Amino acid sequence: MSTINYLTRIEFAEGAIARLPELLAGLGVKSPLIATDAGLVATGLVAKVADLLENATVFAETPRTRPKRR
């Protein structure tokens, strides 16, 4: 498994999503917030993550932004 520690912790490994409950418990997080967009919700990944976590709130109203044309 690879770990990057910079402002936030990022873990890379097969099955890393399954470790989220353990990692969040270690940080004392009891009510996680998942901030995402409709595109990721449509993939089913957000539901998979939210189902692993107790008391998770999903905010999927982030606006889609487009680069400004010059």
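On a 1 Å grid over the protein atoms alone, a pocket is an open set of points where a 1.4 Å probe fits, with protein on both sides within 12 Å along at least five of seven lines, and its lining residues have an atom within 4 Å of a point. The volume is the space filled by probe spheres set on the points, which are joined across faces, edges and corners. The model is predicted, so that local features need pLDDT of at least 70 and side-chain atom pairs count only at pLDDT 80 or more, whereas totals for chains, interfaces and linings use all residues. Residues are numbered from 1 along each chain as its sequence is written, and side-chain values use heavy atoms, with hydrogens and water left out.

The largest pocket has a volume of about 240 Å³, and its lining consists of Arg9, Ile10, Glu11, Ala16, Ile17, Leu20, Leu23, Leu24 and Leu27. Strand S2 (8-12) and helix H1 (20-27) each supply at least two of these residues, with H1 giving the most, 4 residues; helices (H or I, at least four residues) and strands (E, at least two) are DSSP runs numbered from the N terminus.

Leu24 also belongs to the largest nonpolar core, together with Ile34, Val46, Val49 and Leu53, where a core is a set of buried Ala, Val, Leu, Ile, Met, Phe, Trp, Tyr and Cys residues joined through side-chain atoms within 4.5 Å. Buried means under 20% relative accessible area, with a 1.4 Å probe and protein chains only.

Thr36, in the loop between strand S3 (33-35) and helix H2 (38-43), counts as buried because its relative accessibility is 7%.

Conventions: Buried means under 20% relative accessible area, exposed over 50%, partly exposed in between (1.4 Å probe, protein chains only).
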